[in-house]
Each structure stands twice: as structure tokens, then as C-alpha cells.
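Reader: I would like to learn how to read a structural model with some care, beginning with accessibility and moving on to charges and helices. Could we go through one together?

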Amino acid sequence: FVVIDGHHMIFRAYFAMSNMKKWAMFWFASMLLNIIEKENPDHLAMTFDLYKSFRHKKDPEYKAQRKPTPDDLVEQMPKIYDMVEKMWIPIFAVDWYEADDVMWVISRLNLEEENLETIIVTWDMDILQLVKNWKTTIAIPHKWYKEPKYFDEEAVSEKYSLTPKQIICLKAIAWDVSDNI
């Protein structure tokens, strides 16, 4: 089972090619096809953020330093969602929860209900805390997913000299600039 952080992937596709920002849908599709080719999943799902999350209610400064989504990207987003739906890829998006939260739930349910291994495709390093003892591997895309970097419990420990559970502590101590926490 592969679950993709579609929200993050849209932004990666948009900002990756500074001279081709109108082509976000093309770069998104290119990356998606690379993921499908590389992983050859039996099951595939995609998650998206809808609006603000419960974290915004708890802390108004959460992600407050981020610029608004560029208008030309906002215009492309419905077309990208439509393309994903036409590819018969289920989309999961839940009010007041971020794509990361939804990926965590999918991963957990896959293990508890179906005993399925899950590969989570995301650029968000916060998610490394999920590899714990579950059958969950995090795939951090590299070179348009031609060379993804895989993180299981051992790989997290090797790279950071921490357990996945300690990733939260690292973020708390080091300050997560992207989330303003």
C-alpha cells in the first residue's frame, strides 16, 4: 500500500521549476507516474490538506510565516485533483487535519485491519516518527522519485542517531522553521 502526500507534492511540482510554474500539473503527473512505476503498488491513495488544521486553533502562529498560495497555483489545483480522480486514485482529505495526520491514520489502519505494509511518500521529515514498530516505511522523494530515500526504523537511527519516537523531540529542540514551532 502506498499513500502519497499529494498536498506537498503539488507544491514541490510548482516550486521545483522556477521558469515553468504554469506546468505544476505536468510535473505533478510526472512524479506520480514515477512513484507508480517504482513502487508498483497493489493499493494507492493520496492525501491533501483542506484548510487550516486543529493546530491553527491551538496556536495562531502555526505556519503564520508562510506566504499565501500563489494564485497561479490555486488555479491549477482543481485540475490536479481532477486528474488524480480520473486515475482512480482515492483521495483522502479531512477537515481540520493535515495530509500527514491522514497518512498516519491510513498507515495505522492498514496494519491493524489488514496487516498491510505501507509506504508513505512525503517530503515532510516530521513523519519519520511514524516508522516505529509498524510495517511503515517512509519514502522521501529524490530526483523526481527516480531515487527515493527509504526510511525504516534502522535508517532513521542510522541517519539521525535517534529513534523515530525521538524525532518529535528533535523538532521541538531544533525549532521547525517551516511550521513556525
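Author: Let us begin with a definition: a residue is called buried when its relative accessible area is under 20%, exposed when that value is over 50%, and partly exposed in between. This is a predicted model, and in it Lys86 has a relative accessible area of 61%, so Lys86 is exposed.

Reader: What share of the 181 residues in the chain is buried?

Author: Buried residues account for 42% of the 181 residues. The chain has 7 helices and 6 strands, and their order from the N terminus is β-α-α-β-α-α-β-α-β-β-β-α-α.

Reader: How should I read a salt bridge, and which residue pairs with Lys86?

Author: The general idea is that side chains of opposite charge can pair when their charged atoms come close. In this structure Lys86 forms a salt bridge with Asp82, and their closest N and O atoms are 2.9 Å apart. Asp82, at a relative accessible area of 32%, is partly exposed.

Reader: Why are Lys86 and Asp82 separated by about one helical turn?

Author: An α-helix has 3.6 residues a turn, so residues three or four places apart point the same way. Lys86 and Asp82 both belong to helix α4 (residues 71–86) and are 4 residues apart, which means that about one helical turn separates them.

Reader: How many salt bridges does a search of the whole structure find?

Author: The search finds 3 salt bridges. Besides the pair already discussed, the side chains of Glu112 and Arg108 meet in one, with an N to O distance of 2.6 Å. Glu112 and Arg108 are also 4 residues apart, in helix α5, and so lie about one helical turn from each other. Both partners are partly exposed, Glu112 at 48% relative accessibility and Arg108 at 29%. Glu147 forms a salt bridge with Lys143, where the closest N and O atoms are 3.8 Å apart, and Glu147 is partly exposed at 41% relative accessibility.

Reader: How far does helix α5 reach from its first C-alpha to its last, and which of its residues are buried?

Author: Helix α5 (residues 99–114) has 16 residues and reaches 21 Å between those two atoms, close to the 22 Å expected at 1.5 Å a residue. Its buried residues include Ala99, Val102, Met103, Ile106 and Asn110. Just after α5, Asn115 takes a positive phi of about 55°.

Reader: What patches should I look for on the surface?

Author: Look for neighbouring side chains of one kind, either nonpolar or of like charge. Val94, Trp96 and Tyr97 form a nonpolar patch on the surface, with about 280 Å² of accessible area together; Trp96 lies in the loop between β3 (91–92) and α5, and is partly exposed because its relative accessible area is 39%. A patch of negative charge brings together Asp152, Glu153, Glu154 and Glu158. Glu154 lies in helix α6 (residues 153–160) and, at 59% relative accessibility, is exposed.

Reader: Is Glu39 buried or exposed, and which helix holds this residue?

Author: Glu39 lies in helix α2 (residues 24–39), and with a relative accessible area of 16% Glu39 is buried. Along the chain Glu39 and Ile119 are 80 residues apart, while their C-alpha atoms are separated by 8.8 Å.

Terms used:
Residues numbered from 1 in each chain as written. Predicted model: local features only at pLDDT ≥ 70, side-chain atom pairs only at ≥ 80, totals over all residues. Heavy atoms only, no water. Patch = residues over 30% accessible without salt bridge, like charges linked within 9 Å, V, L, I, M, F, W, Y side chains within 5 Å. Areas by Shrake-Rupley, 256 points an atom, 1.4 Å probe, with all protein chains shown as cover. Salt bridge = Lys/Arg side-chain N within 4 Å of Asp/Glu carboxyl O. Lys, Arg positive; Asp, Glu negative; His and termini not counted. Charge placed at Lys NZ, Arg CZ, Asp CG, Glu CD. Buried < 20%, exposed > 50% of the residue type's maximum accessible area, 1.4 Å probe, protein only. Expected span 1.5 Å × (residues − 1).
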